[in-house]
Amino acid sequence: MSIHIPPLLTYALRRILQAIPIMLLIMVGSFLLIKMAPGDTVDALVGDMGGADPAFVARLRAEYGLDESVFVQLWRYLMKLAQLDFGWSYVYEQPVLTVLMARLGNTMLLMVASLTVAFVFGITLGAFAARRAYSLTDNVISTLGLVFYAMPSFFLSLLMILVFSVKLGWLPVGGIRTIGAFKTGWADVIDVARHLVMPTAALSLIYLAFYMRLMRTSVLEVMDLDFVRTARAKGAGDFRLMVHHVMRNALLPVVTLLGLQFSTVLGGSVVIETIFSLPGLGQLAYTSVIKRDLNMLMGIVALSSVIVVIVNVLTDLVYAWLDPRIELK
Amino acid sequence: MIVSKKQLSLLGGAVSVIIATTAVQAEEPRRGGTAIIHMASEQGVLNPALRASTGVYQITGKFMEPLIDKTYDGYVGVLATSWSSSEDGKAITFKLREGVKWHDGKPFTCDDVSFTAMNLWKKLLNYSTTLQANLDAVDCTDPYTAVFRYSKPMPLELLVAAMPDLGHPVPKHLYEGTDILKNPYNQKPVGTGPFKFVEYERGQYIIGERNEDYWRGKQYPYLDRVIWRFIPDKAAAAAAIEAGEIHESGFNGISMEDMERLGKDDRFDMGPKGFENNVAHSTVEFNLRNPILADLRVRQAIYHGLNIDFALKTIMRGYGKPGRGPIPSAGGINYTDDVQTYPYDVEKAKALLDEAGYKPDANGIRFKLKHRPAPWGEYTQLWAEYFAQAMKQIGISVEIVTNDAPGFLNGVYRDHDFDTANGWHQFRADPAVSTTVWLRSGAPVGTAWSNQFDYKSDKMDALIDAAAGELDPAKRADLYHQVQKLEMTDLPVIFAIEHPFLGITSKKLKNHHNTPRWDSSSWYDLWLEE
């Protein structure tokens, strides 16, 4: 009796296995790249402390294993990684995995919230603008889109902090929770949501604008196609026509980009998390570079590549669902 | 009515009691409340006996106490009550405070001091390993008397000045027999201080809670909690202060522009008060391996080319004063301003460069310098830009190579890949702790904050060594005056500006910045207005 594996699952598994050599390459490349930057974590630590004497510096280097050659260090790192041991962070004095896991949730929350906002509002506004192409509404939406697209997210973040936290006092300046309040249940959920409003807005606006413009073009294109005309001739109502016939087809390029851009959004979270003191992977990556926290950086690279690979596989699956003509093999 | 003398004095007494009570009432501290403090940088090790750094003290100073602290009235005992030296300077005796308990309830005794001194201060703590290099033993003649025995004379003055930073005992019963570097209490400190460590949420906050059994008495501390919030972005930190989410940010935690702006807001106190112990110099450091810079006339010309007053006004917004060599005016009797100075004089600078044989070419350029600015914040970056501008005026072209902290330390101290550099140099209460190592020859290559400028002077080395072992404070001060004078003549480094750090504090906090190392101190008397 043979075990029947659904074709989609086979596809997903194969894609993930294919990703392993790529990830190994990414890991080795990142390791060497970080090593090429001048200075190590001991320098960063000593710089932070405002000085230290030679014995202290030598002791730390030996303790952290930084007195070995780069290739010995790399080999040692990969051997540990093969056993799923991400090593120790000397900046946080905790296992890398512990720190990563504590941060992962916050980053995922921010990214999923931002992409959802960007996607939902982006495609709705885009479709809306396309339906009334070249009207005043379309012009207003398109211009706003351009403004959002051109606005640097760090600038927008600081502007929002100034208006909504400092002047109006509506939203907290940063962080993920009110510190020391120890809220539970719904109060905690609301607290976290309040902290996420501004970072989500700052991170999503640029993508919102992007999806909107893309959706607008795509809808305009699809609306001219034969099958839409046929559907209309068969008497499909405006709403039905838009949702079932136009949107479904117009979404294809947007979904492709959503998957591809996941990694860009992850990169964008570096800036947003730093400004809003959100304890996520982006902020962690930023401080880890500054502090030359090698193990932590490698951990972040590994984790984010896994996330990106998984998201890309998921994107393919969604793609196949949206367009039955596409066959995954 | 006849009033007897006794009645009169009674009346007087009553009046003075009433006056005293009203005075106290006006200043009556409120019990309770949470002070929220800004921290820019994460601290992996929360043990001041393993990491000598203001970032560590800012937090751990509330949990762990030193033997001695520095106040505006001089050095006062915290865990020690008195100290004295033997005639030969080889035995220094500390009387320890009785009735002090660690946060876990165990008594604090000489065993803790002896254990920490021999295993942490002497072997593991930066700067302290050098300071305590000649420490042979710490004898406990009774549970509250610790005798530090040295193989070479140790100036009492030096040890006392070093203690506020380098004299924090750890509880022996939690550290003995463990791998000290990996001891979990390095991340959850147990001390004797007014606050107990509760929780460290990486990247977010640290919480400290009131110690109900504090040795200074049940009324202390006034606050219920202290929370440190980690905000790496300076603009966001300034916004949090302005929005009232944070009560204090020290050590130039926000930008100078925001400091100035919020300083004018009557909700905040801003200034250098409370940072007197942590003055630093903004410097220009020369690589004397470069033959051009090896010429003293060139270094003098560069000093004459710097308009220090202009830099003070524009970069440091008026906070600071011109430097007078390696020891800042906060250095007490070891400081002198009787040194050679190099006033701003462009013509003189040009003449000196001409004399040294570096005439300007057709473009008006005499020579080029590769300059590395340290990334220690706003001052150092702006000071580097000013340096380049000022040098252009006297015909020196300066190329600024921007780098981050590890890049700077490597470029300057290990690879010596620079002509000039600028950074700041922190003074740590006594010149022997971390200042003279900058001028003494013989440090191994790569050691940050050592003499990597290739400056070698037998006279300087001899002065430094003599001062480090001199027991008579007056003679010792005289030796340090000579060090300062010689440095100002030889000019291996320009200690251009002496500047304090600035802090910004909500006026709701009371008794803030009332000691010269306030951010590092225990805050037992800090209180918060409703």
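## A tour of the salt bridges and the A–B interface

Begin in chain B of this predicted model by selecting D415(B) and R414(B), which form a salt bridge whose closest N and O atoms are 3.2 Å apart. D415(B) is partly exposed, with a relative accessible area of 46%, and R414(B), at 48%, also counts as partly exposed. Side chains of opposite charge can pair when their charged atoms come close.

Staying in chain B, select R31(B) together with D224(B), a salt bridge in which the closest N and O atoms lie 3.0 Å apart. This pair links distant parts of the chain, 193 residues apart: R31(B) sits in the loop between α1 (5-27) and β1 (34-39), while D224(B) sits in the loop between β9 (205-210) and β10 (225-230). R31(B) is partly exposed at 41% relative accessibility, and D224(B) is partly exposed at 32%.

Now move to chain A and select R61(A) and D43(A), which form a salt bridge with their closest N and O atoms 3.3 Å apart. Because R61(A) lies in helix α3 and D43(A) in helix α2 of chain A, the pair ties together parts that are 18 residues apart in sequence. D43(A) is buried, with a relative accessible area of 9%, whereas R61(A), at 21%, counts as partly exposed. Add D40(A) to the selection, and you have a network of salt bridges linking D40(A), D43(A) and R61(A).

Next, show both chains and turn to the interface, where 47 residues of chain A are in contact with 50 residues of chain B. Between them the two chains bury about 3,800 Å², 58% of it on carbon and sulfur atoms. On the side of chain A, select M49(A), D53(A) and I179(A), the residues that lose the most area to chain B and that together account for 15% of what that side buries.

Which residue of chain A forms a salt bridge with D404(B)? Selecting R292(A) shows the partner, with the closest N and O atoms 2.6 Å apart. The rule finds 1 salt bridge across this interface, out of a search of the whole structure that finds 36 over all chains.

The interface also holds 9 residue pairs in polar contact, with both residues at pLDDT 80 or more. To see where the side of chain A that touches chain B comes from, colour α2 (41-49), α3 (54-63), α7 (153-167), α10 (238-275) and α11 (281-290) of chain A, each of which supplies at least two residues. The largest share, 7 residues, comes from α2(A). By residue class, this side of chain A divides into 24 nonpolar, 12 polar and 11 charged residues.

Terms used: Residues numbered from 1 in each chain as written. Chains lettered and ligands numbered in written order. Predicted model: local features only at pLDDT ≥ 70, side-chain atom pairs only at ≥ 80, totals over all residues. Heavy atoms only, no water. Contact = heavy atoms within 4.5 Å. Buried area = accessible area lost by both parts, 1.4 Å probe. Salt bridge = Lys/Arg side-chain N within 4 Å of Asp/Glu carboxyl O. Polar contact = N/O pair within 3.5 Å; in protein donor to acceptor, adjacent residues only side chain to side chain. Helix = DSSP H or I, 4+ residues; strand = E, 2+ residues; numbered from the N terminus. Nonpolar A, V, L, I, M, F, W, Y, C, P; charged D, E, K, R; others polar. Buried < 20%, exposed > 50% of the residue type's maximum accessible area, 1.4 Å probe, protein only.
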